[in-house]
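Got your viewer open and a selection box ready? Let's take a short walk through this model, one stop at a time.

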Amino acid sequence: MMYPQPYDPYNSGFQREEADSDFAEFTENSPFDIAIALCPNCKKQYQSSEEVIEHLNSADSCWPENLTNGSLLPVPQALQRPPEQTDLSAKYHPTSGYHYLLPDQPPPQNIFQEMQDHPLQQARETNVWYPFDGLGEWSLAKFLVENLSQTQIDKFLKLDWFKTRERPQFKSKDELFFYMQQLPGRGPKWQCTKLKLKGYESEQPIHLIWRDALEVTKKLFANPVYAKHMCYDPHYIYQGQERQFGEFWTSDDAWKIQDQLPEGATIVPIVLASDKTPVTRHTGGLEMHPLFLTIGNIQADVRMKATSHAWRCTAFMPTPTFVVNSDFQTLLRTRLWHKCMDLVCSNLKVAARVGEYMVDPSARMRYCFTPLISHIADLPEQLMIACVMKNSSPVTTATHKEFGDETPHPPRNGSDTYTLIQQLCNRVDPWNLIVFVREAKKLHLSGVHLPYWRNWRHSNPATFLTPEILHALHKFFFDHVLKWIKQIMGHELDVRFKSHHKRTGIRHFSGGVSHVNQMTGREHRDIQRTIVPTLWGMASPGFIRAVRAMIDFIYLAQNPLHTESSIASMTQALRDFHNNKQAILDAEARQGKGGAKDDFFIPKLELMQSFTRAIFHVGTLMQWTADVSERLLITHCKHPFERTSRQRDFVSQIARILDREEAIRLFDLYTLLSSSSSMPGQDPLINAVIMEDEEIASTETDPTLAWVSNANPAAQLRLQAPRPVRNHFLKGILSDNARIAFNVTVKADRSRINMSQLQSSYNLPDFAHALHLYATRNGCTLSDHISFNTWSKFRIQLHSTFHTCRIMPSQQIHAEPPSANFPRGNCDAVLFNQTGDGGNDGSYVAQVRAIFQPTLPRGSRAQLPERLSQVLVYIQHFDFIVPGPEPSTGMWMVRRSYTRLSSQSDRVIRCGSIIALTDVTHAVEIIPVYQGPLGKDVNSGNSLEVFDDYFLNNFADKELYHSLSVISDN
């Protein structure tokens, strides 16, 4: 589609030099101030995009009525619930997501069908890997191209090793690359544009390596791998009387944007992510600014999985060094970055104005609009995008001395910012840098005069600069909250962290936390789990309340689903922090270079005020975390640059390498879909993720994958983590309501031990009495010849409290007998259900001391009653310290329960009993109620044995956090 040459109101200062002959010529079109708009259907010219939309919606619309055909609406992810959950309802947008049959046009094709039209398709009917001999030869070719330089490939193929072994068909790098050219898939072509800034020289030539973002979007939108994981229609979800917010499609903005589009239009929400990174490792290595793109139609939990390949690298922005005063170095780089964004995204912005026909994964034609809904970036990059100074907020009108305010400030709308820029440009030449920057600072502007978003329709930096969990919360915790705690606790912080009970699957800080200068996001999360009860006895109640409120806010902000109530709770948590933050200053915990500080002028603290507004605008915030893009910087960016010769045609080499990588990826997709099509009912996305899991495992550090669940509920947790998670609901022991699964190994750790052996090895003097009470309570009679199989651990697996159709990873619960390493045993805590004296079910805390199953002697014809033949657990009880949670920590306190061994004995022992394994409902964590500095005799092996009072840690994991909130409410 051709558009007239745009008119820019201000001289951009950039010139495009002649394109390299190796690349397609680049035409610098931009949607800014387009004088004429074309109807995408009849090509009639109009004065504005608004007139085009009016024309398409009018009675004389150029769309005949017979162009549309009906189709079933997709089921929103939020409605994928078990049949018994009947409190959910949905309302779809009435005029969204039609598909069209265009007259005189060939049938639309998705990218798999396009690859099947390749001239060599007939040969691939018998050998899907043609022109390669088979999977083995293709795997070798792929390995050589992806990992070796051209010189290394030639050396490898000339090895004497091949004299005694069969050679591949290709004998040299040239033959190998010729074979690669015969592959069916071709993505949007990578190209290089050389830029020059008039009047300013750079130390090295400025090269933008990029491809058309609209073409990248079309390829993603037409990928059949995502066919079962797409959404096209805004919808409201209601849980009872409350509205529920999840994906972008459930947000206010999705509905509002759809209202402004022609009837039947489909929104293709654009999600960008960018960050500066070194792409070569040598001294003085090259830095680039990669830009990644995905679309919001793909379900969030799929696109957040790196192995789903839902993100595409779209450009490598240059970061040159200009021969200029250092005061203007950053400004010129920022202007260059916005110019590059203009070039890469220009056609996306045209499509956002007047639409573009695109083929969906099911090979149906849709009329699509491409608003920018999220640009994921850390705070410095958000400031660069918003074109404001670093002492300002990128999303609100707040400035430095307002960052600690407890009330939200108005949003910094892009239209207001651009109006200020235009007014400034009318007064001062933007390229008179000294004067322009001086005047811009007075308006809290950075000095960029042509922001890339300035007329990207339906896109506003106040909303598309979405809150970013990794940097805005977890980095904030490490940079500020943890430092405040270190300041008041000193060495005691490490002592307490070292003493925490070790749990399988949970990071234990055996060396403490204060010595670590840099941490990953996962380590930040692990410290947050136990930091609140660890503070007890070392900080004032107000200080603990402030920290607790901040952790509450961090946990609630990460909810994968929100209701109006949970949003209100999150808002209240931030308000509680502000109400108690004075205690942090009173403790002189906030330190600066000059000593104690008396303010909270922290930019990220101000960003938190926008979280509530952002959820209403764009949905839950976990889908916009930078965890995935941070990982993509490792897995997608550095590798191509390390395989070049660093010669004069360096950028040309990069573009060719990237084109080959795209061809390889598409051919892998082709072979995957070809094999999947021969196996009906198989989801190709599941196969793709399983195939890629091993490749990503070495760099996989994203803990959100245990929090954001799978892409296919039918396949349960196959997408949950690099290692497939077992579904214990298939063969495990199920609870009475079938909502909890348990697993013990087929072979017990100890078999057929008698009563006295069990009682002595586990140091349980009342075991026999407890078993007798259990049998009596269940109407059973104990045999004199009974023996026991015992296990040292079991697994418990639950459904997610947010997505109740999904299964969470199982958790391991230990009940190991006393040993040299654990003199009193290694035993974990659980919640279990028990019917009280009044007949009401209640939840209680206990420590599991033994896992066992009664059995009769071999050859016995007798049978144990059902209640005795199942797996049982011996537990020791804790009592809740009423009347409710401790006010400053917000946690329930429990106290170990004691009783007399017998009515004739004065010996006091821990109160124990026996319950069925299926009565256990959750694995929980209890933290000692520390009273002052910890003694040297307390360690991780005995910390659950030497105290009587404990906190029930509701921050142990995010699922438990929600579950305990529900239990507490009940």
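**Stop one: helix H5**

Start by selecting residues 150-157, which make up helix H5, and look for Ile153, Asp154 and Leu157: these residues are buried. They lie on the same side of H5 because the arc they cover around the axis is only 95°. Keep in mind as you go that this is a predicted model.

Now turn H5 around. On the face away from its buried side you will find Thr151 and Lys155, both exposed. What covers the buried residues of H5? Add 135-147 and 173-181 to your selection: helix H4 and helix H6 are among the elements that do so.

**Stop two: a three-stranded sheet**

Next, bring up strand E9 (266-267) and strand E14 (356-359), the edge strands of a sheet, each of which pairs on one side only. With E15 included, the three strands form an open sheet with mixed pairing, in the order E9-E15-E14. As a general reminder, strands of a sheet pair through backbone hydrogen bonds, in a parallel or an antiparallel sense.

Select residues 365-369 to see strand E15, which runs antiparallel to E14 and is joined to it by four bridges. For a handy landmark here, label valine 359 and methionine 365 of E15, which stand opposite each other.

Which helix packs on this sheet? Show residues 213-221: this is helix H7, and it touches E9, E14 and E15. The direction of H7 makes about 35° with that of E14.

**Stop three: strand E33**

Jump along the chain to residues 912-916, strand E33, where five of the five residues are buried. Rotate the strand to check both faces: Gly912, Ile914 and Ala916 are on one side, Ser913 and Ile915 are on the other, and both sides are covered.

Then add strand E29, residues 872-880, which pairs with E33 in the antiparallel sense over five bridges. Label valine 873 and isoleucine 915 to see one pair of bridge partners, with isoleucine 915 in E33.

**Stop four: arginine 910**

Finally, select strand E32 (residues 908-910) and pick out arginine 910. Is this arginine buried or exposed? Arginine 910 has a relative accessibility of 16%, so it counts as buried, the cut-off being under 20%.

Display the side chains of arginine 910 and glutamine 876, and you can trace a polar contact of 3.4 Å between them. To fill in the surroundings, show the other residues that arginine 910 touches, including Asp766, Arg824, Tyr898 and Glu945.

Notes
Residues numbered from 1 in each chain as written. Predicted model: local features only at pLDDT ≥ 70, side-chain atom pairs only at ≥ 80, totals over all residues. Heavy atoms only, no water. Pairing = 2+ DSSP bridges. Helix = DSSP H or I, 4+ residues; strand = E, 2+ residues; numbered from the N terminus. Contact = heavy atoms within 4.5 Å. Axes fitted to C-alpha atoms, helices over the stretch in contact; angles between N-to-C directions. Buried < 20%, exposed > 50% of the residue type's maximum accessible area, 1.4 Å probe, protein only. Arc of directions from axis to C-beta. Polar contact = N/O pair within 3.5 Å; in protein donor to acceptor, adjacent residues only side chain to side chain. Lists of a residue's contacts leave out its neighbours within four places in sequence.
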